[in-house]
Amino acid sequence: MNGFLPKAGLLPSTAASSARVSASGVPETAAQDAPPLLRARGLVRRFKVRSQRGLFGGATTLTAVNDVSFDIHAGRTLGLVGESGCGKSTTARLTLGLTPVTAGEIAFDGMPVNGRRTAHWRELRRHMQMVYQDPLSVLDKRLPMLSQVIEPLDIFAVGERRERAEQARAMLSRVGLSQALWQRYPHELSGGQRQRAVLARALILQPRLLVCDEPISALDVSIQAQVINLLQDLQQEHHLGMLFISHDLKVVRQICDEVAVMYLGRIVEQGTPQELFAHPAHPYTQALVSAIPTPQRAKYHQRILLDGDPPNPINLPSGCAFHPRCPVATARCRQETPALQDLPGGRKVACLNASTPTLKS
Ligand SMILES: Nc1ncnc2c1ncn2[C@@H]1O[C@H](COP(=O)(O)OP(=O)(O)O)[C@@H](O)[C@H]1O
Ligand code: SF4
Ligand SMILES: [Mg+2]
């Protein structure tokens with residue numbers, strides 16, 4: 001689409017050839033055999049914050065993300081779910097190098113993403129784009145839509161000026177914005193139209209990874225499905241790897257190839273949506289799944305209500321951080337922190353009692 005020729009090592013992955021098709025429409029075996037587009041290992045992010053304790057409150061440390069690892073393959077979608085404040089957005093920002101890691105490693109196409117604003121990072125960034133919950137936080141309210149989509153091409157000096165405008169018009173059409181809207185300003189569009197414009201702006205540089213942080217949460221329910229369908233179509237067309245953050249578990253189940261459940265900065269369960277939603281192994285996942293108003297819920301008869309809010313991440317409980325709310329916690333859970341361990345079938349669970357019959361599986 002544009003005249004940009006990627007550098008060696010950033011070339012688009014070769015097309016897949018075979019077998020079953022994933023939730024994202026990509027043949028599964030080929031996608032899984034290829035090296036991951038993005039590889040994150042042992043990510044930790046701590047923030048210095050003011051303690052609430054005492055009259056003056058000294059500085060203390062908040063651990064937002066704690067030992068998080070995952071892979072994202074081209075053409076496939078990893079969903080990230082969990083309560084507000086569990087570290088999803090911080091993980092998204094670490095993934096793109098927008099926030100530096102305290103510890104751990106991220107590689108995009110084998111190249112390190114370390115959060116330092118170097119020329120190397122800028123080059124990588126054009127291949128990794130983000131879609132936020134609020135389109136107005138991304139769009140420039142003084143620029144009409146067409147100029148907003150041309151802008152990234154200008155920044156990276158892609159092609160001639162006339163070609164850039166042509167590419168932007170084609171992309172705006174592709175995301176479903178008619179010509180009558182191209183010269184409008186963000187405040188003159190609906191929420192759904194703005195999010196379409198954000199997608200056009202994110203995809204105009206032909207990225208290979210899209211990180212979507214609650215991309216439909218701010219939209220009317222009536223247009224959420226349209227934007228999700230568009231996102232899926234665009235993913236297939238561009239063979240995009242996606243990190244998809246959402247608290248809408250029905251959408252996550254629909255579009256993700258794999259799902260990671262976070263609790264207080266850690267991944268506590270990970271697996272395919274089919275397995276994870278049908279047989280949640282971690283008590284926290286069981287509670288989340290029990291809240292989905294679908295036939296899955298019938299299996300649990302009633303919603304599992306967790307006591308209280310998640311604990312303060314500045315002052316985490318000992319052992320398993322979920323133990324104060326866990327309906328099946330034992331004395332051991334107060335002392336030992338469970339590691340994320342492999343279960344049969346490619347699932348991973350961080351629970352000391354994951355194999356006991358007290359948990360539904
Ligand atoms: N820049 C920051 N400084 C201090 N604390 C932060 C910062 N960013 C996030 N946090 C804290 O890190 C935790 C995780 O936040 P976040 O990643 O935004 O969670 P989520 O997206 O799951 O709601 C929260 O306790 C939040 O208050
Ligand atoms: S380790 Fe213990 S407290 Fe943590 S989820 Fe498992 S059973 Fe519950
Ligand atoms: Mg968030």
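This is a tour of a predicted model, going from the whole chain to two ligands, a group of helices and a few single residues.

**The whole protein**

Start with everything shown as a cartoon. The protein has eleven helices and twelve strands. Colour by burial if your viewer allows it: of the 361 residues, 42% are buried. Contacts between residues with a separation of 6 or more can be sorted by how far apart the partners are in sequence, and 64% of them join residues 24 or more positions apart.

**Ligand 1**

Select ligand 1 and show the residues around it. The shell consists of Phe47, Val49, Leu62, Ala64, Ser84, Gly85, Cys86, Gly87, Lys88, Ser89, Thr90 and Pro313. By class, six of these residues are nonpolar, five are polar and one is charged.

Now colour the elements that these residues belong to. At least two shell residues come from each of strand S1 (38-50), strand S2 (59-72) and helix H2 (88-95). Which element gives the largest share of the shell? That is H2, with three residues.

**Ligand 2**

Move to ligand 2. How many residues surround ligand 2? There are 13, and the closest are Cys320, Cys326, Ala329, Cys333 and Cys351. Ten residues of this shell are nonpolar and three are polar, with no charged residue.

**Helix H4 and its two partners**

Select helix H4, residues 145-155. Its buried residues are Met145, Leu146, Gln148, Val149, Ile150, Pro152 and Leu153. What covers them? The cover includes H5 and helix H6 (191-203).

Before looking at each pair, note how such pairs are described. Two packed helices are characterised by the angle between their axes and by the distance between those axes.

Add helix H5, residues 161-174. H4 and H5 pack at an angle of about 125°, with 9 Å between their axes. This angle makes the two helices oblique to each other. Their crossing is right-handed. To see the contact, show the side chains of Met145, Leu146, Val149, Ile150, Leu153 and Asp154 in H4, then those of Arg164, Ala165, Gln167, Ala168, Arg169, Met171 and Leu172 in H5. Nine residues of this contact are nonpolar, one is polar and three are charged.

Next, hide H5 and show H6. Here the angle is about 25° and the axes are 8 Å apart. H4 and H6 are therefore roughly parallel. This crossing, too, is right-handed. On the H4 side the contact uses Met145, Gln148, Val149 and Pro152, which meet Ala197, Ala200 and Arg201 of H6. The contact has five nonpolar residues, one polar and one charged.

The positions on H4 can be read against the geometry of a helix. An α-helix has 3.6 residues a turn, so residues three or four places apart point the same way.

**Two residues with positive phi**

Select Ala157, in the loop between H4 and H5. Its phi is near 50°, which is positive although the residue is not glycine. Most residues other than glycine have a negative phi. Is Ala157 buried or exposed? Ala157 is exposed, because only 9 other C-beta atoms lie within 10 Å, and 12 or fewer count as exposed.

Go on to Leu264, in the loop between strand S9 (258-263) and strand S10 (266-271). The phi of Leu264 is near 45°, again a positive value in a residue other than glycine. Leu264 counts as buried because it has 24 C-beta neighbours inside 10 Å.

**Asp213 and Gln236**

Select Asp213 in strand S7 (residues 209-213). Asp213 is buried, since 20 other C-beta atoms lie within 10 Å. Beyond its neighbours within four places in sequence, Asp213 is in contact with Ser89, Ala92, Met130, Tyr132, Gln133 and Ile245. One of these, Ser89, also belongs to the shell around ligand 1. To see a pair that is apart in sequence, draw a distance from Asp213 to Val131: they are 82 residues apart, and their C-alpha atoms are 6.2 Å apart.

Finish at Gln236, in helix H7 (residues 221-238). Gln236 counts as partly exposed because it has 14 C-beta neighbours inside 10 Å. Draw a last distance, from Gln236 to Ala74: the two are 162 residues apart along the chain, with 9.9 Å between their C-alpha atoms.

Key
Residues numbered from 1 in each chain as written. Chains lettered and ligands numbered in written order. Predicted model: local features only at pLDDT ≥ 70, side-chain atom pairs only at ≥ 80, totals over all residues. Near = placed C-beta within 6 Å. Helix = DSSP H or I, 4+ residues; strand = E, 2+ residues; numbered from the N terminus. Nonpolar A, V, L, I, M, F, W, Y, C, P; charged D, E, K, R; others polar. Contact = placed C-beta atoms within 7 Å. Axes fitted to C-alpha atoms, helices over the stretch in contact; angles between N-to-C directions. Parallel < 35°, antiparallel > 145°, perpendicular 65-115°, else oblique. Left-handed = near helix turned anticlockwise from the far one by under 90°.
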